[in-house]
Amino acid sequence: MDLFTMRNRDYRRQWTYRWIILLFAFVVCFWKTAAAQIRYSIPEELNHGSLVGNIAKDLGLDINTLADRRFRIVSGTKQQLLQVNQKTGVLFVNHNIDREKLCDRNNNCLLNIKTVIENPLEIHYVGVEILDINDNSPSFPEKETSLEIAELTQQGARFPLEAAHDADVGTNSLSFYQLSQNEHFELEVKDRGEDNKIPILILQKPLDRERNPEHNLLLTAFDGGNPARFGTLNITVTVLDINDNAPVFDKEVYSVTLQENAPVGTFVVKVNAIDLDDGFNGVVDYSFGNTLRSKVSELFVLDSNTGEIKVKGLIDFEEKESYEIDVQATDKGHSPLTVHCNVVVQIQDVNDNTPEIEVTSLSSLISEDAKPGTVIALISVTDLDSDINGRMFCTLSENILFELKPSFQENVYSLITKAHLDREISSQYNITITAQDLGHPSLSSFKTITVKVSDINDNSPSFTQDSYTFYVLENNAPGGSIFSVSAFDLDQNENARVSYYVKAGDVLGKPVSTLLSINSDNGNVYAIRSFDFEELKNFKFQVLAKDSGVPPLSSNVIVSVYILDQNDNAPVILSPLSKDGSAEAVETIPRNVKAGYLVTKVRAHDADIGYNAWLSFSLQQATDPTLFGLERNTGAIRTLRPITETDATEHKLIIVVKDNGNYSLSTTATIRITTVENTEAFAFSDFKSNTKEQEGNNLTFYLIVTLGSISSLFVVSIITLIAIQCHRPRDYISTKYSRDTDYAEVSGNGSLCHSYQYRAAEKHFMFVGPAMNIGSASGVGSNRNTLVLSENGMIASGELD
């Protein structure tokens with residue numbers, strides 16, 4: 001290919017590029033025209049009120065209607081910089097426009113504003129281009145700068161300088177640099193784009209500090225404006241001496257001892273290095289070596305001027321026993337020289353750690369039948385200190401049931417039982433282990449272990465009383481609860497769950513199970529049948545209390561039951577009786593008897609006891625009430641006056657015999673009395689009367705003797721009971737009668753000759769001696785000599801004075 005062809009091709013290529021550029025410019029201009037209906041160009045820094053253009057005229061608007069149609073600017077970037085006159089339609093500068101503040105260093109700086117006209121609504125867009133003027137000079141960040149260059153620096157060394165800056169754009173921006181005349185340096189500019197031209201000094205000739213220690217240069221930056229603006233930079237070049245001597249330490253290795261927990265600021269050691277050079281070449285700067293671990297830098301601090309090392313953080317012997325610190329000494333020459341030394345810091349231990357107690361293999365639950373020597377837990381004790389500070393001994397709290405047994409391994413112990421355990425005495429033990437070291441001052445720690453004792457069935461049920469005595473009214477309802485026994489077991493859970501049973505036995509030849517039954521869960525005793533005092537007055541049986549342990553344990557208690565009498569038997573006439581056994585008799589008496597003559601005596605019996613059997617006699621009906629009288633207590637029938645001729649020969653008497661129960665029962669007897677006048681009848685009657693009177697006198701005598709004996713026995717019993725009560729401790733009495741309140745004993749065989757009698761009245765039983773009557777007995781509301789019965793158990797509470 002010849003030279004002509006090559007030039008022709010280059011020429012066509014250049015035209016192609018020019019057409020592309022023109023087409024691109026056309027597109028840009030067309031786009032801008034479409035974006036803005038009107039476009040103006042104004043330079044920056046115009047004064048306020050400077051004319052930009054007449055928008056109304058350029059848009060062909062009627063100036064006279066602008067105010068009525070509210071012609072205004074409604075949008076646009078920084079629209080406060082421009083404003084429109086509604087009367088003339090002129091767009092003018094409202095504020096000073098600084099292109100550098102508005103668009104920074106952008107080549108194109110355009111303000112787009114939008115105008116609005118109403119009635120009818122019209123919107124027009126206006127573009128205002130802000131043109132740059134050369135109003136800024138190039139400037140350096142600093143007015144002066146200095147360089148330090150060592151002598152004998154090789155030729156061609158490059159030293160970049162700070163670039164100048166010009167806020168203008170285009171041709172008004174930074175254009176070139178100029179360096180003042182000198183024999184050692186020349187200037188090179190590295191262009192990194194517009195306004196980013198970096199000046200570089202290049203050393204052309206080696207420097208000689210002894211010939212000229214300092215060089216002053218002037219660098220000037222020019223822009224491309226017309227006229228051009230410029231800025232200057234004063235450069236001072238200092239020639240440095242050659243650093244040919246390195247610092248030397250006094251020692252290669254510094255050894256020091258430091259106690260742990262030393263306070264911050266504590267002096268450790270001082271390193272020292274000497275440099276034989278002059279000036280900065282002989283000034284030494286100390287620092288930690290590059291190989292220094294960060295942990296060491298947290299613990300120690302080095303004074304760069306004096307070489308003193310001091311404590312900065314917490315020194316802990318248990319974390320590290322020694323530290324090796326690399327220290328370097330560097331002179332301050334332009335080409336600094338450095339030497340190293342080692343500082344070895346040995347840490348001394350102090351007693352600053354308390355022993356730590358660790359419990360392993362803890363058996364928190366142990367059976368109370370565990371044998372002495374049973375291992376409960378393994379105890380290990382550690383102390384992070386060393387030597388004497390790390391030696392320890394362990395002790396237990398004052399507890400004779402446990403001990404620590406040392407193991408073959410140091411500081412390891414076994415916690416074992418020392419004696420037999422009893423859950424009923426203590427169900428839980430809090431064992432405090434104390435570990436103490438031998439340091440000075442000594443440190444100790446504590447740990448508490450809780451050991452619970454599990455139950456075994458080693459306790460039999462215990463009844464609340466040694467024996468029980470209960471009183472039950474006869475004629476009770478079958479199936480009802482009459483009393484209750486209670487037992488407790490010191491064990492727990494199943495071992496303490498008590499069941500109650502009635503042991504086999506006989507009462508009046510019959511099994512006790514035919515009379516009573518017991519609730520095995522709560523000890524309530526129920527009557528299977530109704531009791532009859534006249535049949536059964538008292539009996540005893542045993543109750544068995546058995547727990548649910550394996551094997552079960554049991555205990556017995558004797559229960560004494562006394563049947564209390566009720567007035568359920570009416571009096572029975574014993575005499576006089578007719579031959580057929582009916583309570584109707586015929587008596588014959590002479591007509592010539594005197595007043596007070598004993599006709600006959602009504603005798604009766606009541607199967608009850610006490611007041612229920614205390615009988616009284618009354619005359620319910622008589623043919624002639626004025627002739628015969630009846631003694632209330634003895635039942636003797638006597639004449640009240642002599643019999644006259646006008647009296648009838650046959651008289652009928654109806655006698656009522658009544659007991660003294662609360663609900664009195666009675667029976668009647670009919671006696672027919674016939675009066676005769678013959679001598680035989682009279683003799684027979686007189687003999688019979690004498691015989692009856694003699695028998696009555698004898699019976700009265702025996703009755704008086706019996707009642708006297710009973711009264712004496714009653715008084716002796718009361719005195720004995722009082723003496724026992726006074727002799728017995730108060731706590732025993734309160735314990736005995738707290739469970740069986742209202743306690744008393746009653747004995748008797750159902751006849752009038754009992755040791756004492758009682759009367760039932762509203763669940764109170766009043767003691768009444770043989771010589772007492774109903775009226776002299778204690779009232780229902782009194783507890784004196786009174787046996788009080790509860791609803792279920794009929795438990796007596798006799799308070800005896």
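Strands are DSSP runs of E that span at least two residues, and their numbering starts from the N terminus. On this basis Tyr125 belongs to strand S7, which covers residues 122–131. The model described here is predicted.

## Overall architecture

The protein has 801 residues, of which 39% count as buried. Its secondary structure consists of six helices and 54 strands. Among contacts with a sequence separation of 6 or more, 66% are formed by residues 24 or more positions apart.

The area exposed by the protein is about 44200 Å², with carbon and sulfur atoms supplying 52% of that figure.

## Confidence of the prediction

Mean pLDDT for the protein is 79, and 80% of the residues reach 70 or more. Residues 1–9 have a pLDDT below 50, and the model gives this stretch two contacts beyond near neighbours in sequence. A further stretch, residues 23–36, stays under 50, with five contacts beyond four places in sequence. Where pLDDT is low, the predicted coordinates should not be read in detail.

## Cysteines

The structure contains one disulfide. The bond links Cys103 and Cys109, with an S to S distance of 1.9 Å. The dihedral about the S-S bond is 65 degrees, and the link between Cys103 and Cys109 is right-handed. Both of these cysteines, Cys103 and Cys109, are buried.

Two other cysteines may be described by their accessibility. Cys341 has a relative accessible area of 2% and is therefore buried, the cut-off being under 20%. Cys394, at 14%, is also under that cut-off and so counts as buried.

## The loop before S7 and the nonpolar patch

Asn119 occupies the loop between strand S6 (110–117) and S7. Although Asn119 is not a glycine, its phi is positive, at about 55 degrees. The relative accessible area of Asn119 is 62%; because exposed means over 50%, the residue is classed as exposed.

Leu121, Ile123 and Tyr125 make up a nonpolar surface patch of about 300 Å². Of these patch members, Tyr125 lies in strand S7. Tyr125 has 39% relative accessibility, and so it counts as partly exposed, between the cut-offs of 20% and 50%.

## Strand S14 and the loop leading to it

Pro227 is located in the loop between strand S13 (214–223) and S14. The peptide bond that joins Asn226 and Pro227 is cis, with omega at about 5 degrees.

Strand S14 runs over residues 230–240 and includes Asn234. At 36% relative accessibility, Asn234 is partly exposed. Beyond residues up to four places away in sequence, Asn234 touches Lys143, Glu144, Thr145, Leu217 and Leu218. The C-alpha atom of Asn234 is also separated by 9.0 Å from that of Glu142, although these two residues are 92 residues apart along the chain.

## The loop between S20 and S21

Asp303 is placed in the loop between strand S20 (300–302) and strand S21 (308–311). With a relative accessible area of 33%, Asp303 is partly exposed.

When residues up to four places away in sequence are set aside, Asp303 touches Tyr286 and Glu308. Between Asp303 and Ser287 the C-alpha to C-alpha distance is 7.8 Å, with a sequence separation of 16 residues.

## Backbone features in later loops

Leu508 is found in the loop between strand S37 (506–507) and strand S38 (510–511). Phi of Leu508 has a positive value near 55 degrees, in a residue other than glycine. The relative accessibility of Leu508 is 54%, which means that it counts as exposed under the cut-off of over 50%.

Pro551 sits in the loop between strand S41 (538–547) and strand S42 (554–564). The bond from Val550 to Pro551 is a cis peptide bond, with omega near -5 degrees.

Notes. Residues are numbered from 1 along each chain as its sequence is written. This is a predicted model: local features need pLDDT of at least 70, side-chain atom pairs count only at pLDDT 80 or more; totals for chains, interfaces and linings use all residues. Side-chain values use heavy atoms; hydrogens and water are left out. pLDDT is the predictor's confidence in each residue, from 0 to 100. Contact means heavy atoms within 4.5 Å. Patches are made of residues with over 30% relative accessible area and no salt bridge: like charges are joined within 9 Å, nonpolar side chains (Val, Leu, Ile, Met, Phe, Trp, Tyr) within 5 Å. Accessible areas come from the Shrake-Rupley method with a 1.4 Å probe; for residues, only the protein chains shown count as cover. A salt bridge is a side-chain nitrogen of Lys or Arg within 4 Å of a carboxyl oxygen of Asp or Glu. Helices (H or I, at least four residues) and strands (E, at least two) are DSSP runs, numbered from the N terminus. Buried means under 20% relative accessible area, exposed over 50%, partly exposed in between (1.4 Å probe, protein chains only). A disulfide is a pair of cysteine sulfur atoms within 2.5 Å.
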